[in-house]
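Here is a short tour of a few local features in this model. Have the chains open beside you as you read.

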Amino acid sequence: MIQIMTSFLGSLGFAVLFNVRGRYLLEAAFGGMLGWLCYSLLSGRLHNEYLAFLVAAMLVTGYAELMARVEKAPATTFLIAGMIPLVPGKGLYYTMRYAIGAESAGFVSQGTQTLAVAIAIAGGVMAASSIFRVIVSLQMTAKN
Amino acid sequence: MNQKMLAQLLDIGERMLISGAEVNRVEETISRMAKAYGVRRVDVFTITSSIVVTVSTDEGNILSQTRRILAYETNLDKLRQLNQLARTIVGTSPDEEYIEKELSVIQETVPYASWIKLLIYALIAGSFCVFFGGTLEDGLAAAVVGIALKLSISFFGRVERNTVIVHVLSPFLIGSLAIGLTRLGFGDQIEMILIGNIMLLIPGLSLTNSIRDIISGDTMAGILRMSEAVLVSLSIAIGFGLSTLMWGGW
């Protein structure tokens, strides 16, 4: 519960730093909360951390693309702040610590894990936005 | 289409890139806008630090211009306005004066006041400290350190333009501050306090975006962005490392 609240606040903070304005702020922060909620619901059940990150990133992207259509603003407005709670900041921190402590085994395993999470998130974003693009172009051809 | 007009279209593209647009969005927007003015062919090449455009007009002229992008300043509200302007241009192909007027209006949008940003740094650092498992007291300590972080970033950013140096000095300073605070008994999980603040420093987003660029085919832009992210992470690690060495461990 506390994580859901803080993920909202953290995303809200980043939305302000990226100069999102007005009601978009709350909508962007809600995206961040949504992504984290999805990840935390899935991570226990899927037995695959990376898949949970991928699905959560897909959900956030879908939300951002949808909001972009509704609000007539670029999807980035909602996407960047929404992805923040998923971003592997903690992983990068521990990778750094192992590097400083000269623990090469920990560094390698934590580093690969962090990179894999980044790839999973990026893959989720790409997958969802590609699906969205296909749907939009299908709609266009249907109209014509 | 003439040189002046091309310069204006490039202005729009440049500002979009600076404000946080993806590389392929910039390329697509510039070529669409140019085509709205009936040119025969447009070639746009964008990487994170440069834009190159060449257009062949109907009269048979070939125009070419380049921009070098030195610094970024993510501003999604500006990006939204630029995007709207680009759409208008594609739809109605307005004249030069109109574009100039609109651009100067967009340029005047001010970012949030610096005291708000200061509070937001505190909010983010505190939130993520608790998010990753810190107690409320740790969160408060992280918020204090977050304010110090913002102050040190803007100070070092003013005296030194090299991002590597800024990203070594700021973590060193806030690492020392966090160590000092916990030794005084304010907050006890120093890791969580630091992680909360690292979320503000670390280029996790650039790392993710760089992979996005690579997957979507902008390999050059992606690799550049990724090297930047790795470089910044390394500098942060060095900064924190120095602070622990100096004060004898976390």
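Helices here are DSSP runs (H or I, at least four residues), numbered from the N terminus. This is a predicted model, in which local features need pLDDT of at least 70, side-chain atom pairs count only at pLDDT 80 or more, and totals for chains, interfaces and linings use all residues. Residues are numbered from 1 along each chain as its sequence is written, chains are lettered from A in the order in which they are written, and side-chain values use heavy atoms, with hydrogens and water left out.

Let's begin with two loop residues. Most residues other than glycine have a negative phi. The table shows two non-glycine residues with a positive one. Exposed means over 50% relative accessible area, buried under 20%, and partly exposed in between (1.4 Å probe, protein chains only).

| Residue | Phi | Loop | Relative accessible area |
|---|---|---|---|
| A:Lys72 | about 55° | between helix 3 (49–71) and helix 4 (76–83) of chain A | 53%, exposed |
| B:Ser93 | about 30° | between helix 3 (76–92) and helix 4 of chain B | 33%, partly exposed |

Staying in chain B, B:Glu96 lies in helix 4 (residues 96–107). B:Glu96 is buried, at 17% relative accessible area. Leaving aside residues up to four places away in sequence, B:Glu96 touches B:Asn2, B:Lys4, B:Met5 and B:Gln8, where contact means heavy atoms within 4.5 Å.

Key. Helix = DSSP H or I, 4+ residues; strand = E, 2+ residues; numbered from the N terminus.
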